[in-house]
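Reader: Could you take me through one part of this model in detail? I would love a close look at the aromatic pairs, and then at whatever surrounds them.

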Amino acid sequence: MSPLTTCRCRGWPDLHPEGISMLRIGIDVGGTFTDVTALDAATGRFYIHKLPSTTDDQSVAVAEGVRAVLRQADADPGEVGYLGHGTTVATNTVLESNGALTALVTTAGLRDILEIGRQQRPDLYDMDADKAPSLVPRSLVHAVVERMSAEGKVLTPLDEDDIAAAVDRVRAAEPEAVAVCFLHSYRNGDHELEVADRLRAALPEVYVCASAEVAPVFREFERFSTTVVNAYVGPKINRYMSRLAERIRATGVLVEPRVIGSSGGMMSLDSVSRYPVTTLLSGPSAGVVAASQVAGQAGFGNLITFDMGGTSTDVCLVRDGRALVSSQRRINQRPVRTPSLDIHTVGAGGGSIARVDPGGALEVGPSSAGSQPGPAAYGRGGVQPTVTDANVLRGRLNPEYILGGALAVDYAAAERAVDSVARAMGADRPVAARGIGRIAAVNMAGAVRKVSVEAGEDPRGYVLVAFGGAGPLHAVEVAREVGMSTVLVPPNPGTLCALGLLVTDIRTEFAKAVLEEADERNPDKLNEALHEVHESARGWLTSEAPPGADTKITGEAKMRYARQNFELSVPLPQRVIDAARFDSDAVAEIMAAFHEQHAKSYGFAHRDARVQIVEVQLTAAAAVDKPELPAIAEGSESGEALIGRRRVDFDETGPVDTPVYDRAGLRAGTVLPGPAIVEQLDTTTVITPDATARVDRYGNLVIEVEQR
C-alpha cells in the first residue's frame with residue numbers, strides 16, 4: 001500500500017515510553033468548551049479543567065488546558081505518560097464547507113458519479129429540497145482512460161501519455177488536494193495507486209489519496225464520496241496535527257498525542273493525517289466509551305448515552321456494554337463509508353438559539369451561539385436568546401455564576417434576550433423561558449427515539465447516561481418524554497468525554513471487498529482477501545501499539561443472499577482470524593450464523609440459497625490500562641452538601657422553593673428527593689419533583705423517574 005501524504009509530526013523524543021509516567025491526560029474539544037481530565041496513576045486522583053474552545057485553532061486551548069492541569073497536579077510535563085485528544089476539526093470542515101480545493105481523477109466515463117449519487121431526495125416529502133453540492137466542482141474532475149473488470153482484471157491498461165496529460169491538468173487547476181477513484185479498484189487497486197504515486201511525485205505539496213488506500217470497498221458512489229471527503233479535510237487536518245504537535249512539544253510534554261477516531265479507537269497523529277475521514281465523529285465517540293465504562297462499573301450494561309454540550313446533542317445505544325457500530329454514515333448529506341459508533345446528533349445544546357418563525361411558532365436550534373459570543377448570560381456580548389439563558393431565568397442554572405465561580409452570570413442580559421422571544425410570542429418572560437426548555441427537551445427526546453424505537457429497541461429497558469455540560473440539566477425530562485425510568489449522571493459529566501480518552505484502546509478497522517460466494521469447497525478467494533486485510537492490520541499494530549501492549553485482531557464478514565441489496569454483519573471465528581485462513585468448517589460456521597442473523601433481523605432465512613461474502617472487516621486493537629473510578633465515602637445525610645435554596649421553575653409545577661446541593665459534599669448512600677438542584681464545576685443536575693436521586697458508591701447520581 002502506497003503511503004499517503006502525512007503531517008510533519010515526527011521527531012518525538014523516545015525518552016518516556018507510554019505507561020511509565022504517572023500522569024495521563026485526556027482533552028476533548030467541543031463547539032463551546034474544551035474539557036481536560038488528568039489522572040494521577042499513582043494516587044488515583046483526577047484533575048479537571050474546563051476552558052472556552054479556541055475555534056480558530058483548537059490546539060491553542062488544548063495546550064492551555066494541558067498547562068492548567070499540570071499546575072493543578074503540581075506536576076512536571078515530563079511526568080505525562082499519555083495524552084489523548086478528541087477533535088472536531090474534520091467534522092466542522094465538512095459541516096461548514098470550508099475544506100480544501102479538491103480535484104478528482106477518475107475513470108473515463110465516470111466524471112458525474114458524485115453529481116448523480118443515488119438519486120435520493122434529502123427529504124422525501126420536500127419537493128424543493130436540494131441535494132448537497134459536490135465537494136469537487138465538475139471542472140476539477142479529470143478522466144483517465146483505463147478500465148478494470150468487476151473481477152479485477154485489466155481491460156484497458158493505463159497509458160503513459162494520458163497519465164502525464166491528467167497530471168498537467170491537475171497541476172494547472174492548483175488544487176490543495178486530489179482524490180483518485182477508479183472503477184472496480186476495490187478488486188484491483190494497481191491503476192489507482194500508480195496514478196496516485198505519479199501525482200505525489202509531480203505535486204509534492206498537494207494532499208493525494210486513493211480509494212484503494214482509504215476505502216477499498218464495494219459500491220462506487222459511497223467509495224468515491226468517502227475518498228473525496230478524506231481529501232477535502234486532509235490539508236486542514238494535516239495543518240492542525242502539525243500545530244498540535246508543536247504546541248504540545250512547547251508545553252514540555254514528551255509523549256506524542258493520540259487522537260480518537262469515529263469508531264472509538266485511538267490513533268497516532270500520523271495515522272490521522274493519512275486517514276482524516278476516520279475522525280469525523282472523534283469527540284462524540286470518546287463520550288460513548290467513557291459512559292460505557294462508568295455505567296458498566298455501576299452495574300448497567302444497557303444504556304443510551306446522552307451527551308448535550310453547548311452546540312449539539314449526541315446519543316448512542318449501548319447493548320450489553322458494547323456500543324452499536326455503523327459501517328456508513330452521512331455527514332452533511334454526504335455518505336462516508338468508514339466504521340463509526342452509531343451516534344445520532346441533533347442541533348440542540350445549551351447555546352441553541354431560540355426564535356419565533358413567521359407563523360408565530362417557537363423554534364430552538366439548530367443554530368448556536370457557540371463559545372464566542374456565547375449565550376447572553378455569559379456576558380460576552382451575546383444578545384440572542386438561548387437554552388442556557390432560559391435555564392438561568394428559570395433558576396435551573398445558578399443566577400450568579402457558573403463553572404464554580406469562574407464565569408459570572410449576566411442575569412440582566414439573559415432577561416433581555418428571552419424578552420425578545422416573549423414579545424414575539426405575545427407571552428410573558430416565564431412562559432417564553434419554559435417554552436424554550438420544553439422544545440429543547442422534545443428535540444432531544446426525538447434523538448433518543450431515533451437510536452432506540454426506530455432501531456427496534458424499547459428505550460424503557462435502558463438507562464439514560466447523561467453527560468456533557470448541559471446533559472444533566474435536561475436528562476430527567478428527556479427520560480420521562482421517552483418512557484425511561486432511570487438516569488445515571490457520572491461524577492464529572494461535563495468532562496466525561498475527556499475521561500473517555502483515558503480508557504480508550506488503540507484501535508482501527510481495515511476492510512476489503514470480497515464479493516465471492518461462500519463455498520465450503522473452495523475458500524481460496526476468501527483467504528486471499530482475508531490474508532491481505534490481515535497483513536494491513538498486523539502492520540498497523542506494529543507501528544501503533546506501545547511496546548508490550550496486549551494486542552488482538554477481531555473481525556466480521558458482511559454477508560447477504562445472492563442478489564440482495566444490503567448485507568448483515570457476522571462475527572468471524574477467532575481461529576480464522578488468528579490463522580488468517582478459512583477452512584471448510586469455518587465457512588460452514590459463518591454461513592449458519594448468517595442464516596440465524598437473517599432470521600432474527602427479517603423473520604426468515606433461506607438456508608438453501610446461495611450466500612455471498614461481500615466484505616471482510618478486521619479490527620486491530622491494543623489495550624490500554626483502564627483506571628477504575630474510586631469509591632467515595634459513605635454517609636446518608638445530605639445536610640453537609642446543602643448550600644442554599646432558590647426558586648426553580650419546573651414544567652408541571654411552575655416555580656418551587658428548591659434545595660441546592662454541592663455535589664462534592666454528597667456521600668455514597670445519600671438520597672435526594674425531588675425537587676433538587678445539584679451543582680458542580682462542570683455541570684448542574686436538575687432533579688424534578690417527581691424524581692428521586694441516590695448516590696452510589698462511585699459517586700454516580702442514579703435518578704429514578706416516576707412515569708405518569
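Author: Happily! This is a predicted model, and the count of aromatic pairs in it comes to 3. One of them joins Tyr-186 and Phe-218: the ring centres are 6.1 Å apart and the planes stand at 70°, so this pair is edge-to-face, the label used for planes over 60 degrees apart. Tyr-186 belongs to the loop between strand 9 (177-181) and helix 5, while Phe-218 belongs to the loop between helix 6 (211-214) and helix 7, so the contact ties together parts that are 32 residues apart in sequence. Tyr-186 has a relative accessible area of 3%, so it is buried.

Another of the pairs is formed by Phe-510 and Trp-540. Here the centres lie 6.5 Å apart with the planes at 65°, so this pair is edge-to-face too. Phe-510 sits in strand 27 (residues 506-517) and Trp-540 in helix 15 (residues 524-544), so a strand and a helix are tied together across 30 residues of sequence. Both Phe-510 and Trp-540 are buried.

Let's go back to the helices named beside the loops of Tyr-186 and Phe-218. Helix 5 (residues 190-202) has 13 residues, and at 1.5 Å a residue it should span 18 Å; its end C-alpha atoms are 19 Å apart, which agrees. Its buried residues include the charged-type names Glu-192 and Arg-200, along with Leu-193, Val-195 and Leu-199.

Helix 7 (residues 220-251) has 32 residues, for which the expected span is 46 Å, and its end C-alpha atoms are 45 Å apart, so the two values agree. Along the way there is a kink of about 45° at Gly-234, shortly before the proline Pro-235. Helix 7 is mostly covered, with 25 of its 32 residues buried. Just after helix 7 comes Gly-252, whose phi is positive, near 95°.

Two further side-chain contacts are worth a look while you have the model open. One involves an aromatic ring again: the charged end of Arg-24 sits over the ring of Tyr-82, 4.4 Å from its centre. The other is polar, a contact of 3.1 Å between the side chains of Ser-53 and Thr-34. Ser-53 is found in the loop between strand 3 (45-52) and helix 1 (58-73). With a relative accessibility of 6%, Ser-53 counts as buried, because the cut-off for that is under 20%.

How values were computed:
Residues numbered from 1 in each chain as written. Predicted model: local features only at pLDDT ≥ 70, side-chain atom pairs only at ≥ 80, totals over all residues. Heavy atoms only, no water. Helix = DSSP H or I, 4+ residues; strand = E, 2+ residues; numbered from the N terminus. Buried < 20%, exposed > 50% of the residue type's maximum accessible area, 1.4 Å probe, protein only. Polar contact = N/O pair within 3.5 Å; in protein donor to acceptor, adjacent residues only side chain to side chain. Expected span 1.5 Å × (residues − 1). Bend = angle between axes of the 7 residues up to and from the residue. Phe/Tyr/Trp six-rings, centres within 6.5 Å; stacked < 30°, edge-to-face > 60°. Lys NZ or Arg CZ within 6 Å of the ring centre and 35° of its normal.
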